Structures are given as structure tokens and as C-alpha cells.
Amino acid sequence: MEFITKVAAGDAIKADCVTVGVFADGEMTPSAKAIDAASKGVIKAAIKSGDVTGKKGSAVMLRQLANVAAPRVLVVGLGKREEFSQRAFGEAVRTAIKAAGPAVKDLAIAALEWTGGKGKAARHDALARLFVTTARETVFRTDELKSKKDDEPKGPASITLLAHAKDAQVEQGIKQGVALANGSELTKRLGNLPGNVCTPSFLGAQAEKLGKEFKLQVEVFDRKGIEKLGMDSFLSVTNGSAQPPRLIVMHYKGAAKTAAPVVLVGKGITFDTGGVSLKPGANMDEMKYDMCGAASVFGTLRAVAEMKLPVNVVGILVACENMLSGTATKPGDIFTSMSGQTIEVLNTDAEGRLILCDALTYAERFKPAAVIDIATLTGACVVALGDVHTGLFSPDDELADELLAASRAAFDPAWRMPVEDAYQDQLKSNFADMANIGAPGKAGAVVAACFLARFTKAYRWAHLDIAGTAWKSGAAKGATGRPVPLLTQFLMGRAGG
Ligand code: BES
Ligand code: MN
Ligand code: ZN
């Protein structure tokens with residue numbers, strides 16, 4: 001799917017179909033008005049007859065209007081103007097693409113004029129980005145492992161975003177939107193691949209591939225390399241697994257050598273059985289998504305590299321399986337992390353923090369401007385925030401605010417949660433420096449963040465718990481590609497734009 005922008009009025013644009021919006025009270029947007037005027041009142045008549053309602057999610061195809069260059073005019077409902085939001089914008093774009101049908105190869109949409117609601121109107125570059133990413137999301141599917149592919153086309157080959165005047169912001173936004181969609185799709189694809197295909201060594205090979213394509217410097221450590229680094233907490237999680245672990249380090253260098261990098265650390269558990277503290281069987285297949293933190297680091301690096309952002313970014317991915325066998329870690333086992341701190345593993349299912357803590361210690365060597373770890377870390381975060389907000393944890397108010405602002409600008413919601421010493425007591429152990437879990441049912445997502453905080457004293461740090469937001473359950477089961485938009489937006493901000 002290709003995206004372009006053209007300056008043209010709704011009635012004059014040459015395309016297989018032109019899409020215009022109408023609000024629920026019958027108010028026509030400027031392009032709808034232009035087409036109505038040219039065709040001598042066809043849209044007005046359709047509103048009057050009740051065919052066009054302007055209701056959210058509605059779409060009516062009109063054909064062969066007089067004096068209109070495009071043979072089809074698709075009228076989508078925008079809902080109530082005062083309620084029109086970014087969310088409604090996305091919904092209208094999705095409705096248009098779905099309603100266009102297979103005959104439309106070349107779809108024009110006059111979406112930039114769809115604004116309303118309270119708050120301030122979004123910038124055109126942000127709208128164009130949202131437009132592109134929403135369109136790409138609408139047609140995305142995972143059929144890589146199906147022997148018979150769907151023969152339905154994946155949406156129109158070309159989509160034109162209509163502008164009223166030449167607008168550099170729109171052109172920039174489209175380019176960025178494509179880069180962002182490419183990044184999110186990489187994340188989704190990796191997230192959707194099953195644990196038997198997407199193994200730690202598969203992720204290592206992916207890193208080499210991405211490195212070649214985008215000129216990233218890539219280093220992949222195998223078990224021996226990881227042992228040499230002293231990452232015994234990480235390795236404790238691999239004790240029951242036949243698949244060898246990988247530590248993957250990727251460097252994107254878009255700024256001066258001397259500029260301190262942002263380090264992204266991703267949890268890459270390619271399958272989480274829980275280990276000896278075995279998980280219940282229902283929906284255990286979903287634990288193939290336990291590498292979505294790592295996948296989001298891949299996606300963000302891809303987006304940032306395609307945008308050629310002037311920032312330095314280091315991606316650290318910790319990848320292994322959490323399995324059980326005769327050699328698996330047992331509850332009560334104690335390991336020494338790379339930092340020297342010892343950890344009593346009271347629950348082998350709290351494995352994410354055990355692999356992340358060593359990666360967070362490793363991150364120190366890059367003298368980072370900030371470190372952000374991304375992890376499907378706790379079920380407790382799903383209880384707290386569902387699948388709407390990513391949990392954001394940081395002791396650093398400034399960094400937290402910067403991430404929250406990025407999350408709003410990218411329409412990728414996050415909510416700040418506490419990381420405070422008052423919760424640290426839960427991690428006391430009689431036999432080691434700390435336990436890996438706190439009291440059951442007591443602020444589990446916060447306690448997990450507090451565990452990580454013990455390894456991040458040397459730099460500015462934030463933790464994103466994406467357990468609820470990295471994928472959807474139910475009929476539309478699949479990875480969401482979140483929080484690639486948030487992270488990319490954050491790095492765009494760091495790059496000064
Ligand atoms: N990968 C899970 C967290 C998770 C749970 C992600 C549900 C997505 C959906 C993590 O490794 C885990 O098992 N966490 C435990 C921690 C507990 C033992 C303290 C949890 O949340 O139950
Ligand atoms: Mn687990
Ligand atoms: Zn896990």
C-alpha cells in the first residue's frame with residue numbers, strides 16, 4: 001500500500017473513489033460541500049432521505065455523480081462533531097478503507113479536514129502519521145504460516161490524502177507514518193510467530209538481518225558470552241530449556257559519537273511456561289507473546305532507522321525460554337546477578353525481572369542519557385490497567401512526563417504508576433539480598449518495578465509494563481505492535497522534532 005498526498009478539491013481529484021466526511025447532525029465537511037455543490041445537491045439529498053446518517057461507523061457509496069472526477073464518492077459518518085476525537089478519526093479511516101471494496105485500487109480520502117471536539121486540533125504531521133498507521137493496521141494480517149493465503153486484496157494499492165494547500169507537515173507525516181507502520185508490523189510479526197519458530201536464536205538472526213538492512217552495529221552473545229559477562233540471574237531462567245539463550249545488542253547511530261544514547265531494553269521470553277511454578281493451562285499459548293518487549297525494540301529501531309532520526313539508540317534484547325525440566329531452577333534457588341546482588345527465586349514464573357536485571361546492569365557501560373525497559377512483566381498490570389494503558393514506572397518525574405507526552409502525541413496511551421521505597425519491603429529475603437516476588441495480591445506490578453529499580457541506580461530510568469497492551473486476546477487475537485508508537489515518538493522528541 002502506497003501513500004501520497006495531493007492538493008485538490010473533493011470534486012476534482014482523479015481516483016477510483018474519493019472519501020468525504022459528514023457529521024451526525026448532517027454538517028458536511030468542506031470536501032463534501034464541494035462535491036455536493038458540483039453535483040447539484042446529491043449529498044444533501046442523501047442526508048435528507050436518511051441514506052447518509054453521519055453516524056460513526058457508517059459508510060455510503062454514491063456512484064457517477066455529475067461533475068465529479070472520481071466515479072465513486074464514499075461518504076463516511078464522523079459522529080457528533082463535539083465528540084470527534086483522534087479515536088474517531090482512526091475509526092473513520094478504518095471504516096473508509098473497509099467500505100471501499102476490492103474494485104477501488106486508488107482511494108482518495110479528504111481526512112485532514114476531519115477535526116472537531118474540544119481540545120486543540122492535532123498537528124497535520126501527527127494526523128498524517130495516524131492516518132497512515134491506521135490504514136496499514138486495517139489491512140494487516142498474519143498469514144505467514146498459513147498454507148493457503150487469503151486471496152482478498154490487502155486494501156487499495158494506493159491511498160491519497162487530500163490536502164487543501166501544499167503542506168510539508170503532511171508530506172513529512174506520511175513518510176514517518178510509513179516508517180512507523182513498518183516498525184509496528186515487524187513487532188507484530190515477531191510477536192505472532194509461535195515459540196517453536198521464534199526462538200532466542202531466531203531473534204538473534206533477525207537482529208543480524210535488521211542490522212544489515214539498516215546499517216546497525218549488531219552483537220549477539222551466546223551462552224558462553226553471557227556466562228563471561230556474569231549474568232547468572234539471566235542464565236538461571238534458561239536452566240530448564242533446550243533452546244540456547246541470546247543476548248542481543250544493536251546500535252543505531254544517528255547523532256554524533258559523543259551524544260549519549262537512549263538505551264532500550266526488551267524482555268524476550270520466547271515462551272513462558274512459568275517453569276517449575278507452572279502456569280495454568282488455559283490460554284497458555286498466549287505466553288508466546290512474552291517476547292513483545294524485545295519485539296518492540298526491534299520495531300522501534302527499524303522505525304527510527306528508516307526515519308534517519310538524529311539520535312543514538314542502543315537496543316538490548318534478553319532472549320530465552322522459561323521451561324521446566326530436571327535441570328530447571330527450583331523455588332528457593334539463589335543466584336548472583338551481574339550487579340553482584342543475590343536473588344532468591346521464590347517463584348520461577350517471575351522470570352522477566354531475572355533476565356532484565358542483568359541487561360539493566362549491562363546498560364551502564366553505554367553511559368546512557370536514559371534507559372527504558374519494555375516488558376510483558378506482570379499479570380497485575382493487566383488487572384490494574386487492562387489492555388488500554390501501558391504501565392509507566394519511573395522515579396524520575398521529568399523522564400516520566402516526557403514519556404507521557406510522547407504517549408499522548410502518538411495516541412499510544414500510558415499511565416504512570418508508583419515506584420517507591422515503601423514497596424521495597426515486600427522483596428526482603430532471609431537468605432539472599434532480595435526475593436524475586438512480593439506478597440501475593442499486593443501491588444504486583446509496582447513490586448516488579450521496585451525489583452528492577454535496584455539495578456538502575458546509575459542512570460535515568462523508566463519501565464514500561466506492556467503485559468496488557470502488547471496483544472489482544474479473543475477473536476482478534478494477535479500482537480498490537482505497542483508501544484512502538486510511544487517509543488518512536490519519544491525518540492523523535494529527543495531528536496528535536
Ligand atoms: N509473562 C508473565 C506476565 C504476564 C501475565 C504477561 C499475563 C501477560 C499476561 C510474567 O513472567 C509472569 O508470569 N509474572 C507473574 C509474576 C508473579 C509470579 C509475581 C504474574 O504476573 O503472575
Ligand atoms: Mn512468568
Ligand atoms: Zn513472563
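In this predicted model, let us start at ligand 1, where a nitrogen atom of the ligand lies 3.3 Å from a backbone N or O atom of Thr 376. The backbone of Gly 379 takes part as well: one of its polar atoms is 2.6 Å from an oxygen atom of ligand 1. Asp 349 uses its side chain instead, placing an N or O atom 2.8 Å from an oxygen atom of the ligand. If you look around the ligand as a whole, you will find 16 residues, of which Lys 279, Asp 290, Asp 349, Glu 351 and Gly 379 come nearest.

Next, follow the chain to the loop between helix 10 (352-363) and strand 13 (370-375), where you will meet Lys 367. Lys 367 is not a glycine, yet its phi is positive, near 40°.

Another loop to visit runs between strand 19 (478-479) and helix 14, and it holds Pro 483. Here the peptide bond joining Arg 482 to Pro 483 is cis, with omega about 0°.

From that loop, move on to helix 14 itself. Helix 14 (residues 484-494) and helix 5 (residues 168-192) have axes that come within 10 Å and cross at roughly 135°. Because of that angle, helix 5 counts as oblique to helix 14. The crossing of these two helices is right-handed. On the helix 5 side, the contact is made by Gln 176, Leu 180, Gly 183, Ser 184 and Thr 187, while helix 14 brings Val 484, Pro 485, Thr 488 and Met 492. Sorted by class, this contact has four nonpolar and five polar residues, with no charged ones.

Terms used. Residues are numbered from 1 along each chain as its sequence is written. Chains are lettered from A and ligands numbered from 1 in the order in which they are written. This is a predicted model: local features need pLDDT of at least 70, side-chain atom pairs count only at pLDDT 80 or more; totals for chains, interfaces and linings use all residues. Side-chain values use heavy atoms; hydrogens and water are left out. Axes are lines fitted to C-alpha atoms, for helices over the stretch in contact, and angles run from 0 to 180 degrees between N-to-C directions. Helices (H or I, at least four residues) and strands (E, at least two) are DSSP runs, numbered from the N terminus. Angles under 35 degrees count as roughly parallel, over 145 as roughly antiparallel, 65 to 115 as roughly perpendicular and the rest as oblique. A crossing is left-handed if the near helix is turned anticlockwise from the far one by less than a right angle, and right-handed if clockwise. Contact means heavy atoms within 4.5 Å. Ala, Val, Leu, Ile, Met, Phe, Trp, Tyr, Cys and Pro count as nonpolar, Asp, Glu, Lys and Arg as charged, and the others, Gly among them, as polar. A residue is near a molecule or strand if one of its heavy atoms lies within 4 Å of it. A polar contact is a pair of N or O atoms within 3.5 Å; within protein, one must be able to donate a hydrogen and the other to accept it, and residues adjacent in sequence count only if both atoms are side-chain atoms.
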